[in-house]
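Visitor: I would like a close look at one part of this protein. Please take me through the strands that pair through hairpins.

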Amino acid sequence: MAAKRFHIENPDQLRELAAFVKEGKLSTIASVWTAAKRRNGTTRWDDKIFVGFSGDRNRIAEVVRIDANSELVYCATLRYNLALNWCEKNLREVYD
């Protein structure tokens, strides 16, 4: 379970987070999301992409999205400290 979770509101924020990726690809997701927004204005990914930070000793930071079946889909693993500092300054924290 995530100790902290931040909402990614737009593809530009996702692109900026790509600088902290350890494993996975965020730039491709951001490109697809941007194209869909340009075509339709709103997309199925709006309000569905988050960054979660673990609260235990493992210190895992992951970008996940919620798919059409309301299941979490892994997108990327991030460098924990760098990503956490950036998220605290630039993203909105969400609570369950």
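Guide: Here is the part you asked for, after a short word on the whole. This is a predicted model, where local features need pLDDT of at least 70, side-chain atom pairs count only at pLDDT 80 or more, and totals for chains, interfaces and linings use all residues. Residues are numbered from 1 along each chain as its sequence is written, and side-chain values use heavy atoms, with hydrogens and water left out.

The protein has three helices and six strands. Both are DSSP runs, numbered from the N terminus: helices are H or I with at least four residues, strands are E with at least two. From the N terminus, the order is β-α-β-α-β-β-β-α-β.

Now the hairpins. Two strands pair if DSSP finds at least two bridges between them. Strand β3 covers residues 49–54 and strand β4 residues 61–66. They pair in the antiparallel sense over five bridges. Phenylalanine 53 stands opposite alanine 61 in β4. Six residues lie between β3 and β4 in this hairpin. In its turn, arginine 59 has a positive phi of about 50 degrees.

β4 also pairs with strand β5, residues 72–78. This pairing is antiparallel too, over six bridges. Here valine 64 stands opposite tyrosine 74 in β5. The hairpin of β4 and β5 has five residues between the strands. Serine 70 in that turn has a positive phi of about 60 degrees.

In a regular strand, side chains alternate between the two faces of the sheet.

Back to the whole: 42% of the 96 residues count as buried, meaning under 20% relative accessible area (1.4 Å probe, protein chains only).

Note on methods:
Buried means under 20% relative accessible area, exposed over 50%, partly exposed in between (1.4 Å probe, protein chains only).
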